[in-house]
Amino acid sequence: MELSRLLDELTRAAERVGIRVRMESFDPNLSDARRPRGGLCTLRGRRVILVDAGAALPDRIATVAGAL
């Protein structure tokens, strides 16, 4: 499966179980290539997976998959 499609499928899976996925540009001082940031959190009572939009595609996939 192509990587962009895998990310789309993971995002849909999260949404099916009521978790929103948000791609956000993270502060580069808080995230780096060795330790990408993001994951599952609760914002205003709703579950959200925050993903660094500037991270490499495999890292974005890993963030969503790990949060699920």
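# Asking how the labels are earned

Colleague: What makes the backbone oxygen of Ala55 and the side chain of Arg60 a polar contact?

Modeller: In this predicted model, the backbone oxygen of Ala55 lies 3.0 Å from a polar atom of the Arg60 side chain. A polar contact needs its pair of N or O atoms to be within 3.5 Å, so the value of 3.0 Å meets that limit. Arg60 itself belongs to helix α2, and, leaving aside residues up to four places away in sequence, Arg60 touches Leu7, Met23, Val51, Asp52, Ala53 and Ala55.

Colleague: Which side chain of opposite charge is nearest to Arg60, and how far away is it?

Modeller: That side chain is the one of Asp52, at 7.6 Å. A salt bridge requires a side-chain nitrogen of Lys or Arg within 4 Å of a carboxyl oxygen of Asp or Glu, so at 7.6 Å the pair does not qualify, and Arg60 is buried yet has no salt bridge. Asp52, which sits in strand β3 (residues 46–52), is likewise buried without a salt bridge.

Colleague: What does the side chain of Asp52 reach, then?

Modeller: The side chain of Asp52 reaches the backbone nitrogen of Gly54 at 2.9 Å, and since the limit for a polar contact is 3.5 Å, this distance too lies within the cut-off.

Colleague: How many salt bridges does the structure hold, and what makes Arg12 and Glu9 a salt bridge?

Modeller: The structure holds 2 salt bridges. For Arg12 and Glu9, the closest N and O atoms are 2.8 Å apart, and the limit is 4 Å, so this pair earns the name. The two residues are 3 apart in helix α1 (residues 3–16), which means that about one helical turn separates them.

Colleague: And how do you know that Arg22 and Glu24 form a salt bridge?

Modeller: The reasoning runs along similar lines: the distance from N to O between the side chains of Arg22 and Glu24 is 3.0 Å, which is within 4 Å, and therefore the pair is a salt bridge.

Colleague: Why are Arg12 and Glu9 called neither buried nor exposed?

Modeller: Buried means a relative accessible area under 20%, and exposed means over 50%. Arg12 has 38% and Glu9 has 27%, so both values lie in between and both residues are partly exposed. In the other salt bridge, Arg22 with 26% and Glu24 with 30% are partly exposed as well.

Colleague: What makes the length of α1 fit the expectation for a helix?

Modeller: Helix α1 has 14 residues and spans 20 Å from its first C-alpha to its last. That is close to the 20 Å expected at 1.5 Å a residue.

Colleague: Which residues of α1 are buried, and how do you know on which side they are?

Modeller: In α1 the buried residues are Leu7, Leu10, Thr11 and Ala14. They cover an arc of only 100° around the axis, and therefore they are on the same side of α1. The elements covering these residues include β1 (20–24), β3 and α2 (57–67).

Colleague: Which residues are buried in α2, and where do they lie around its axis?

Modeller: In α2 the buried residues are Arg60, Ile61, Thr63, Val64 and Ala67. Seen down the axis, they fall within an arc of 160°, so they line one face of the helix. They pack against α1, β1, β2 and β3.

Colleague: What is the phi of Arg44, and where is Arg44 found?

Modeller: Arg44 has a phi near 55°, a positive value in a residue other than glycine, and it is found in the loop between β2 (38–43) and β3. Most residues other than glycine have a negative phi. With a relative accessible area of 89%, Arg44 is above the 50% limit and is therefore called exposed. Gly18, just after α1, also takes a positive phi, of about 85°.

Colleague: In what order do the elements run?

Modeller: From the N terminus on, the order is α-β-β-β-α, which comes to 2 helices and 3 strands.

Key:
Residues are numbered from 1 along each chain as its sequence is written. This is a predicted model: local features need pLDDT of at least 70, side-chain atom pairs count only at pLDDT 80 or more; totals for chains, interfaces and linings use all residues. Side-chain values use heavy atoms; hydrogens and water are left out. Helices (H or I, at least four residues) and strands (E, at least two) are DSSP runs, numbered from the N terminus. Buried means under 20% relative accessible area, exposed over 50%, partly exposed in between (1.4 Å probe, protein chains only). Lys and Arg count as positive and Asp and Glu as negative; His and the chain ends are not counted. A polar contact is a pair of N or O atoms within 3.5 Å; within protein, one must be able to donate a hydrogen and the other to accept it, and residues adjacent in sequence count only if both atoms are side-chain atoms. The expected span of a helix is 1.5 Å times one less than its number of residues. The arc is that of the directions from the helix axis to the C-beta atoms. Contact means heavy atoms within 4.5 Å.
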